[in-house]
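This report describes one protein model in plain terms. Please look at the sequence and the structure before reading on.

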Amino acid sequence: MEQKTFFRLTFLIVTAGFIISFTSTNFSHGPTKLLDCTDSSSSPLCASRNFLFNKQQPRPIPKHDPKPKTKNHDHASDTPNHPLDPLTVVELNKVRSILTSHALFTSGTPHAFHTVVLEEPDKNLVRLWEKGNPLPPRKASVIARVGTDTHVLTVDISTGKVESENIPVNVSGYPMMTIEEMNGMTVLPFSNAEFNRTILSRGVNLTDVICFPISCGWYGSKEDNARVIKNQCFLTQGTANFYMRPIEGLTILINLDTKKVIEISDTGRAIPIPGSTNTDYRFEKLVTTDKTRRLNPISIEQPRGPSFVIEDNHLVKWANWEFHLKPDPRAGVVLSRVRVHDPDTQETRDVMYKGFVSELFVPYMDPSDAWYFKTYMDAGEYGFGLQAMPLVPLNDCPRNAAYMDGVFTAADGTPFVRENMVCIFESYAGDIGWRHSESPITGLPIREVRPKVTLVVRMAASVGNYDYIIDYEFQTDGLIEVKVGLSGILMVKGTTYQNKKQVEKDKDGNEEELHGTLLSENVIGVIHDHYVTFYLDLDVDGPDNSFVKVNLKRQETEPGESPRKSYLKAVRNIAKTEKDGQIKLSLYDPSEFHVINSGKTTRVGNPTGYKVVPRATAASLLDHDDPPQKRGAFTNNQIWVTPYNKSEQWAGGLFTYQSHGDDTLAVWSDRDRDIENKDIVVWYTLGFHHIPCQEDFPIMPTVSSSFDLKPTNFFERNPILGAAPNFEHDLPVCVVQSVSV
């Protein structure tokens with residue numbers, strides 16, 4: 001195929017609870033053409049797509065559906081402008097060319113590139129670099145599988161030199177799966193005669209069944225010395241929401257390398273497949289007589305255009321903030337070199353060198369044969385960025401949003417584009433940033449208000465049934481709010497019960513353990529947890545920082561000292577070593593968690609700092625010796641503090657897939673290294689317990705929680721003073737249509 005052609009192959013890949021839209025792209029200057037799977041095309045991609053969706057015609061797009069704006073950005077001409085810019089299409093193609101001619105990949109042994117990303121320059125080089133200076137040498141970090149061996153390589157793009165890094169022999173696990181092998185697992189069971197007989201014995205047509213692979217963790221012999229995966233299957237007949245129609249108790253164990261079925265377990269023959277009634281979630285398919293009043297659309301208009309700019313594709317500047325932003329196949333979105341302008345000193349000051357989602361841990365709470373292994377690590381096993389879907393204008397992001405694409409690689413090293421993966425927009429919902437009105441008794445007619453206008457960086461990962469929304473929200477007072485939203489569809493379990501009255505009881509009157517909630521006829525929503533662990537390399541006014549736990553303690557007054565009997569005082573303890581920085585949150589141990597630079601002080605002598613402000617969260621209740629919790633030991637605390645180490649970025653370890661938990665954040669932290677006045681990293685885990693309820697059926701409303709990074713003695717005074725109020729002459733004049741009452 002000639003290089004000048006430009007095409008995009010789009011197909012759906014069903015993974016362990018995930019449906020991934022994969023795009024393979026050759027780049028040039030022609031228009032984008034989508035693969036048409038509506039005719040009798042013999043393409044294997046079309047065959048896969050039509051099989052998964054029962055050869056249904058594609059959904060017609062209603063006239064009111066938003067369409068992405070026409071792209072003028074030509075990724076083929078991108079060049080790096082910053083040391084942290086992601087690898088460009090040209091660079092990725094060069095890396096592919098270098099590797100495919102390397103001896104390691106020319107032996108004829110099957111191989112795949114699981115990760116190809118920028119090998120970031122040393123932190124000191126990046127911190128000293130200024131625009132206009134030459135870029136440090138551009139290198140690629142590559143994780144590849146050759147046969148059954150894993151290799152970690154560094155490719156110098158300019159010289160073509162390939163360096164191999166030694167992998168510790170005592171560290172378990174495999175790299176995250178490629179999209180191609182996940183896709184292959186969706187159809188592999190249908191080549192197995194025993195599996196087909198099992199399906200047909202239920203009176204179900206094979207063409208109405210969809211299967212997808214689920215990472216199975218590590219529990220011992222079956223997962224030792226082989227890369228394996230399990231498949232779960234669903235009935236697609238009658239609904240797009242096939243998650244509500246599980247073929248319960250049927251699991252298929254598959255060897256990922258040999259692509260052979262190892263074992264089929266079928267413990268659910270007596271459990272009916274739930275029906276499809278009232279499960280479809282597509283708006284145009286809903287038939288309702290509901291009298292709920294229709295909402296009128298709301299839009300933010302900016303007559304003078306947005307207040308932010310994106311320079312050189314990745315450097316975002318807004319109000320008093322600037323930061324580097326890039327998509328990443330594992331982390332999703334990476335924020336780097338986050339700095340804020342100080343209105344008093346006129347300096348642009350360091351806040352955070354790097355921040356991103358390091359890992360997501362999702363254990364389900366059902367110990368039965370078909371469920372015990374469902375303990376997903378969404379970043380290290382599947383790639384959180386690879387699961388990020390194109391955002392839907394006007395719904396995922398408002399009209400005033402700008403979009404950023406991700407450029408990733410397929411298993412053969414070919415670059416592809418994930419369009420509209422990230423959106424950036426200014427948000428104003430009528431909230432107040434600060435206000436004060438003087439009481440009439442003062443004689444001062446003052447009513448002073450600052451609107452709360454923020455800048456939001458958003459991505460959404462469609463993790464099959466679950467959808468995660470990640471927001472980084474910047475405020476004019478120097479605060480960064482990090483928010484996680486959970487939405488989408490439940491992963492449910494089939495049951496023989498249609499009503500709670502049928503649930504069996506023992507002789508003492510105790511109900512049978514359902515491991516969840518009966519949501520509908522033959523459907524149980526299984527209890528589960530979500531943990532999202534963030535990597536936060538805070539550099540407050542520079543890299544040498546300390547972590548301070550500020551405890552609020554009750555102090556009793558001395559006899560006769562005061563009419564008061566007690567008061568609260570703040571007790572500051574600087575963490576000396578890593579174990580001092582292991583924090584379990586408690587309402588009965590109220591504390592603040594500061595990161596300070598003792599070498600930089602304010603005018604009155606306080607060390608400059610930022611603090612981590614937790615909000616609603618959850619803690620893991622699993623036994624620390626439970627195999628999934630060993631792998632997810634980074635959730636044993638809500639806060640960890642470690643010295644900066646370039647190799648320690650992934651809380652579940654570099655190789656998370658089937659790891660034994662021997663290379664996690666918990667293992668590193670137990671080394672108890674010094675962290676006072678060091679370049680330190682703060683890790684924060686945001687947790688959710690989810691006990692499903694009927695309002696989660698057949699879809700779930702979005703549930704959110706967040707934490708803040710808040711300036712603490714960082715500024716001499718509140719910088720929001722410089723934010724301008726809104727005035728009528730700044731805004732468009734809109735005519736309100738008459739509304740019937």
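## The largest cavity

Strand S3 supplies the largest share of the lining of the largest cavity, namely 4 residues. The model is a predicted one. A search of the whole structure turns up 4 cavities of 30 Å³ or more, and the largest cavity has a volume of about 120 Å³.

In total, 15 residues line the largest cavity. Those nearest its centre are Phe113, His114, Thr115, Leu386 and Thr409. Two or more lining residues come from each of strand S3 (111-118), helix H4 (179-187) and strand S17 (402-409). By type, the lining has 10 nonpolar residues, 4 polar and 1 charged.

## The whole protein

The protein has 741 residues, and buried residues make up 52% of them. Its secondary structure comes to 8 helices and 34 strands. Of the contacts between residues at least 6 apart in sequence, 69% join residues at least 24 apart.

The mean pLDDT of the protein is 88, with 89% of residues reaching 70 or more. Over residues 1-70, however, pLDDT stays under 50. For this stretch the model has 157 contacts beyond four places in sequence. Where pLDDT is low, the predicted coordinates should not be read in detail.

## Helix H2

Helix H2 covers residues 89-100, which is 12 residues. What span should a helix of this length have at 1.5 Å a residue? The expected value is 16 Å, because the span is counted as 1.5 Å times one less than the number of residues. The end C-alpha atoms of H2 are 16 Å apart, which agrees with the expected span.

Which residues of H2 are buried? They are Val89, Glu91, Leu92, Val95, Ile98 and Leu99. These buried residues pack against six strands named here in sequence order: S3, S4 (139-146), S5 (149-156), S6 (162-165), S17 and S18 (415-427). S3 and S17 also give residues to the lining of the largest cavity.

## Phe408 in strand S17

Phe408 is found in strand S17. Is Phe408 buried or exposed? Its relative accessible area is 3%, so Phe408 is buried, the cut-off being under 20%.

Phe408 and Pro86 are 322 residues apart along the chain, yet their C-alpha atoms are separated by 9.4 Å. Leaving aside neighbours within four places in sequence, Phe408 is in contact with a number of residues, among them Leu92, Pro327, Asp328 and Pro329. Leu92 is one of the buried residues of H2. Other contacts of Phe408 include Leu386, which is among the residues nearest the centre of the largest cavity. Phe408 also contacts Pro415, Phe416, Arg418 and Met421, and strand S18 spans 415-427.

## Asp366 and His515

Asp366 lies in the loop between strand S15 (348-363) and strand S16 (375-377). At 2% relative accessibility, Asp366 counts as buried. Asp366 and Ile527 are 161 residues apart in sequence, while their C-alpha atoms are 7.6 Å apart in space. Not counting residues up to four places away in sequence, Asp366 touches Trp371, Tyr372, Lys493, His515 and Val526.

His515, one of the residues that Asp366 touches, lies in the loop between strand S24 (492-494) and strand S25 (516-520). Its relative accessibility is 18%, so His515 counts as buried under the 20% cut-off. Phi of His515 is near 65°, a positive value in a residue other than glycine.

The loop between S24 and S25 also holds Gln502. Gln502 is partly exposed, with a relative accessible area of 42%. Not counting residues up to four places away in sequence, Gln502 touches Thr496 and Tyr497.

## Loops beside strand S33

Asp672 lies in the loop between helix H8 (665-669) and strand S33. Asp672 is not a glycine, but its phi is positive, at about 60°. With 29% relative accessibility, Asp672 counts as partly exposed.

The loop between strand S33 (678-690) and strand S34 (700-711) contains Pro698. Which kind of peptide bond joins Phe697 and Pro698? The bond is cis, with omega about -5°.

Notes
Residues are numbered from 1 along each chain as its sequence is written. This is a predicted model: local features need pLDDT of at least 70, side-chain atom pairs count only at pLDDT 80 or more; totals for chains, interfaces and linings use all residues. Side-chain values use heavy atoms; hydrogens and water are left out. On a 1 Å grid over the protein atoms alone, a cavity is a set of points where a 1.4 Å probe fits but cannot get out, and a pocket is an open set with protein on both sides within 12 Å along at least five of seven lines; lining residues have an atom within 4 Å of a point. Grid points are joined across faces, edges and corners, and a volume is the space filled by probe spheres set on the points. Ala, Val, Leu, Ile, Met, Phe, Trp, Tyr, Cys and Pro count as nonpolar, Asp, Glu, Lys and Arg as charged, and the others, Gly among them, as polar. pLDDT is the predictor's confidence in each residue, from 0 to 100. Contact means heavy atoms within 4.5 Å. Buried means under 20% relative accessible area, exposed over 50%, partly exposed in between (1.4 Å probe, protein chains only).
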